[in-house]
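Me: I would like to go through this fold with you and ask why each label is used. Could you show me the structure before we begin?

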Amino acid sequence: MNKYEVMFIAKPLEDEAVKPIIEFVDALLKKNGAQVKKIEPWGKRHLAYPVKKQNDGYYVLVNFDAEPDIIKEIDRVMKIRDEILKHLIVKIDE
């Protein structure tokens with residue numbers, strides 16, 4: 001298993017409204033066989049430029065261990081979610 005982190009920006013909602021999005025990403029990772037290590041909600045921040053007509057976004061960082069072949073599926077599902085403005089999955093080298 002490799003170590004990865006995914007940073008995603010959710011639509012600018014309050015903390016309680018973002019919890020279902022975080023739970024969705026957590027369930028998505030676990031369903032595909034990943035082991036979630038840490039979820040860090042960073043909070044609402046102003047974006048450098050508008051993304052999907054939004055000027056603010058709620059940042060969340062998730063660290064997880066997974067097999068390389070499931071990353072494409074996680075990427076595909078996160079792209080089609082309307083609540084997630086942007087995301088980036090990065091492999092962490094030790």
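What follows is a set of questions and replies about a predicted model.

Me: Let's start with the helices. Why are helix 1 and helix 2 called roughly antiparallel?

Reply: Helix 1 covers residues 15-31 and helix 2 covers residues 71-80, and they pack at an angle of about 155 degrees. Angles over 145 degrees count as roughly antiparallel, so helix 1 is roughly antiparallel to helix 2. Their axes are 10 Å apart, and helix 1 passes helix 2 in a right-handed crossing.

Me: Which residues make that contact?

Reply: From helix 1 come Phe 24, Val 25, Leu 28 and Leu 29, and from helix 2 come Ile 74, Val 77 and Met 78. Sorted by type, the residues of this contact are seven nonpolar, no polar and no charged.

Me: What makes a group of residues a nonpolar core?

Reply: The members must be buried residues of the listed nonpolar kinds, joined through side-chain atoms within 4.5 Å. The largest such core here has 23 residues. Phe 8, Leu 29, Val 62, Phe 64, Ile 74, Met 78 and Ile 89 are the ones that touch the most other members. As general background, nonpolar side chains tend to be buried together in soluble globular proteins.

Me: Which elements give two or more residues to this core?

Reply: They are strand 1 (2-10), helix 1, strand 3 (54-66), helix 2 and strand 4 (84-92). Helix 1 provides the largest share, six residues.

Me: And what does Phe 8 contact, leaving aside its neighbours within four places in sequence?

Reply: Its partners are Ile 21, Ile 22, Val 25, Tyr 58, Tyr 59, Val 60, Val 62, Met 78, Ile 84, Lys 86 and His 87. Apart from the largest core there is another one, of five residues, including Leu 47, Val 51, Tyr 59 and Leu 85.

Me: Now for single residues. How do you know whether Ala 10 is buried or exposed?

Reply: Buried means under 20% relative accessible area. Ala 10 has 0% relative accessibility, so Ala 10 counts as buried. Ala 10 lies in strand 1, and beyond four places in sequence Ala 10 touches Ile 21, Gly 57, Tyr 58, Glu 83, Ile 84 and Leu 85. The C-alpha atoms of Ala 10 and Ile 22 are separated by 9.1 Å, with their positions 12 residues apart along the chain counted as the separation.

Me: Why is Tyr 4 given the label it has, buried or exposed?

Reply: With a relative accessible area of 7%, Tyr 4 is under the 20% cut-off and is therefore buried. Tyr 4 is also in strand 1. Leaving aside neighbours within four places in sequence, Tyr 4 is in contact with Val 62, Asn 63, Phe 64, Ala 66, Pro 68, Ile 71, Ile 89, Val 90, Lys 91 and Ile 92.

Me: Asn 63 is in strand 3. What decides whether Asn 63 is buried or exposed?

Reply: The cut-off for buried is under 20%, and Asn 63 has 16% relative accessibility, so Asn 63 counts as buried. Its contacts more than four places away in sequence are Tyr 4, Glu 5, Val 36, Lys 37, Lys 38, Glu 40 and Ile 92.

Me: Why are Ile 92 and Gln 35 called partly exposed?

Reply: Partly exposed lies between the 20% and 50% cut-offs. Ile 92, in strand 4, has a relative accessible area of 32%, so the label fits. Gln 35, in strand 2, has 40%, so Gln 35 is partly exposed as well. Beyond four places in sequence, Ile 92 is in contact with Lys 3, Tyr 4, Glu 5 and Asn 63, while Gln 35 is in contact with Met 1, Phe 64 and Asp 65.

Me: What makes Lys 53 exposed?

Reply: Exposed means over 50% relative accessible area. Lys 53 has 83%, so Lys 53 is exposed. Lys 53 lies in the loop between strand 2 and strand 3.

Me: What is worth noting about phi in Lys 52 and Lys 53?

Reply: Most residues other than glycine have a negative phi. Lys 52, in the loop between strand 2 (35-51) and strand 3, has a positive phi near 50 degrees. Lys 53 has a positive phi of about 65 degrees, although Lys 53 is not a glycine.

Notes
Residues are numbered from 1 along each chain as its sequence is written. This is a predicted model: local features need pLDDT of at least 70, side-chain atom pairs count only at pLDDT 80 or more; totals for chains, interfaces and linings use all residues. Side-chain values use heavy atoms; hydrogens and water are left out. Axes are lines fitted to C-alpha atoms, for helices over the stretch in contact, and angles run from 0 to 180 degrees between N-to-C directions. Helices (H or I, at least four residues) and strands (E, at least two) are DSSP runs, numbered from the N terminus. Angles under 35 degrees count as roughly parallel, over 145 as roughly antiparallel, 65 to 115 as roughly perpendicular and the rest as oblique. A crossing is left-handed if the near helix is turned anticlockwise from the far one by less than a right angle, and right-handed if clockwise. Contact means heavy atoms within 4.5 Å. Ala, Val, Leu, Ile, Met, Phe, Trp, Tyr, Cys and Pro count as nonpolar, Asp, Glu, Lys and Arg as charged, and the others, Gly among them, as polar. Buried means under 20% relative accessible area, exposed over 50%, partly exposed in between (1.4 Å probe, protein chains only).
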